[in-house]
Each structure stands twice: as C-alpha cells, then as structure tokens.
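Subject: Structure to look through

Dear colleague,

I am passing on a structure for you to look at, and below it you will find some notes on its charged pairs and its nonpolar cores. Please keep the model open while you read.

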Amino acid sequence: MSVNKNPIDKTLAEPPLNPVTDRASGEKTDPADFPDSAGLERLEQAFRVWVKRSSNQHVLISRRRIFLIFLLIRYTGARLSEVLALDLSKDVDSKALTVRFGANRPETAAAPRDVHISSVLLDEIRDVVEQTAATGKNAASLRVDAGHIRRKFYERALECGFPQELGSPNSIRRGRTAELMGRNIPLPVVQRMLGHATPNLAASLARFSDEEMARMAKSFIARETQPKTSARNTFFGKVSAITEGDVQSVVEFATLGGDILTAVITNNSLRRLELIIGSLVIAEVKAPWVMLDFGREPPTCSAENIFAARVTNMLRGRLVSEITAVLRDGAEVCSVMTHKGDAMCGIRTDDHVWVMFNGFAVTLHLD
C-alpha cells in the first residue's frame, strides 16, 4: 500500500459527479427514489410469486403479460410508453437478441433504438406470445391500460415492504440506470440504451462508432447473465497502441471517458486474442491489485495506470476494508485493503485520491 499523508487539495478538482445527480439523465434525484439491484430482484421475485397465484388460465396470461412489461423495463430501462407501444412480432429480433423501441411511435422525434436483451428475457417473451396466441388474442401487442399497470406495480412494491412509489415504472427505470452505472458499463452506452441525450464527451465519442457502442452493450448484457468472477473492476475501450517486445507486449487502449489504460500481456496472448489497433476490448482488474494514494500531484511510482478519483463508499469488515472510488468519467473502481492499511491511510468518504494499478494486473478480453 502506497501512502502519502499530504491530503490532496480539494480545490484542485471538482467531484466528478454530484452524488444526487442521475448520471445518465442529468436530473436531480435521490437514491431513495428508486430501488437498488437487490430491490429490483425482490420486485422481480414478488411478480413471479404473484403470477403463480393465478386462479385460472385467463388470469395467468393477463398477469404474465404484466410481468413481461416489468421485465422489459427492468432489463432494458425503457419507458412504460415505449414498452406498451411494442409489436412483439416485429420489434423483437431473436437472432440479434435485440428489442427495437420507438419504431411504432412516429409522433416522437427520437429515432428508434435497438436494445440488447439476454436469451433468458427472449424466452420470457416467446412464452407470453405463445400463451396469448393460444387464447386467440393479439399476441404481438402489449397494449394494457397504463393506469392498471402502475397499480399492479405499486402492489408488488408494497408486498416487498417498499413505499409504493418505488415500484413505479419510472423508479424501476432509474434503478436499472443506477445498476448499469454501478457495474461500470460506460456512461454513453447507458445513455444510448435508455434513449437519453449523450453526454458532452465529443472528443472521446469520436473514437467510437454507434456499432461499436452497441457491441459494448451486447457484451455487457451477455456477461450480466454469466456467473460472477472475483474481478471487480471492468473497463471498456478500444486499442490505441501496441508495443511488442521479446516476450511480452504493452497494449494501450482508450476508454469512452478519454483515459488511456495500459496492460502488459504475453506475446502469445497478443496473438491468441488477435489484437490490432482499433480492437474493442474489456479490461478487468481485481480489487486487491488496486492501490490508493493521496497527494496534490500524481504519485511517482511504477504503476502505469494512475487516475484521479473521489471516494464514494466504504465498507469496513472484520479483516478488510472495501473502498469504492469514482473516476472523472463516472466509472467506479473498487479497492480492497487490510485494516492496517486502512488505518494508515485514514481514508474517508468524499476524499480525493489517486487510483493506481500496474499494467501486469490488467486482464484483457475481446469484446
């Protein structure tokens, strides 16, 4: 653990994000206005139990359609009006695993957008369509009274012991936004998924096409349904430089936030991954390899990756402490240290720190 007891001058850099600002929309909000990941899971489970309580086939199909509306909002972050306007026979691409929102709403100025979904959600869509079609009703339409939908959402929230407002479609959408940001999917990708205006990151966005950003979103959705690993910190980016040595190679890639991240990998890995300039990659760094430092200037050390950040959360256990810091572009980085290291640093929430990790600690995956 590198320690510098000269605290960073907090006038040097403004906090990267206001803690009560929705990073994807820019709207002022309060975390109590939307459920966190655990809350979203509880709401989903409450819906599943509610569906199973159906008294007959007609009620079962009706409830499954409402549950599907919940799932589409919960996993795509779409607005209720966008979901109700879907034509499941035309707007769901089972091969590409996407749902197109806005295609059936010519009155809106926003262009249609494709949002990637998991195969699990696709199966839910197929099941609802098949069950509805068997009754002779229009299986492709999700046209349900919006007021009725909200009432059923409120009921599920109350069953979970939440205030009913936490079950509103807008709160669920906000919760999905926070969930995506907390899992480090890049901010511009989140905004495009949810149909928000993109942030003022023109210099960084110029390096990434719409197709490349869509690939990042698809990769995240696929990884979200896979078993979790111990690698806590994930970065998306595009390879900007490769320097090949005798045994190992240095790979640099630009993130959507404009930072340059450095990884050191073997030449065998370079060839196996078939990395070239412009390749989209995912980098992972395990939390124990991330160091924190105070100081006015970036620390002088051997770490290739040094980024300014602000501490946003601290979790102190019996043996170790887990510190979460947010970079200037909103990406979260987690560091784990012993109680001794924690005591030496004296880190507190809102402290400005330098996040550091060596290039050898970075694991690269192809997007």
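Aspartate 123 is partly exposed in this predicted model, because its relative accessible area of 40% falls between the limits of 20% for buried and 50% for exposed. Its side chain meets that of arginine 126 in a salt bridge, with 4.0 Å from N to O, and arginine 126 is likewise partly exposed, with a relative accessible area of 40%. Since the two are three residues apart in helix H4 (residues 119-133), about one helical turn separates them.

Salt bridges that share partners also join several residues into one network, among them Arg74, Arg176 and Glu179. Within that network, glutamate 179 forms a salt bridge with arginine 74, and their closest N and O atoms are 2.7 Å apart. Glutamate 179 lies in helix H6 (residues 169-182) and arginine 74 in helix H2, so this pair ties together parts that are 105 residues apart in sequence. Glutamate 179 counts as buried at 4% relative accessibility, and arginine 74 counts as buried at 1%.

Turning to the nonpolar residues, the largest core has 48 members, of which Ile69, Leu72, Val83, Phe153 and Met193 touch the most others. Helix H2 (residues 57-76) gives the most to this core, with eight residues. If neighbours within four places in sequence are left aside, the contacts of phenylalanine 153 include Phe47, Ile66, Ile69 and Pro169. A second, separate core of 34 residues includes Phe235, Leu292, Leu327 and Cys345.

Best wishes

Notes: Residues numbered from 1 in each chain as written. Predicted model: local features only at pLDDT ≥ 70, side-chain atom pairs only at ≥ 80, totals over all residues. Heavy atoms only, no water. Core = buried A, V, L, I, M, F, W, Y, C linked by side-chain atoms within 4.5 Å. Buried < 20%, exposed > 50% of the residue type's maximum accessible area, 1.4 Å probe, protein only. Helix = DSSP H or I, 4+ residues; strand = E, 2+ residues; numbered from the N terminus. Contact = heavy atoms within 4.5 Å.
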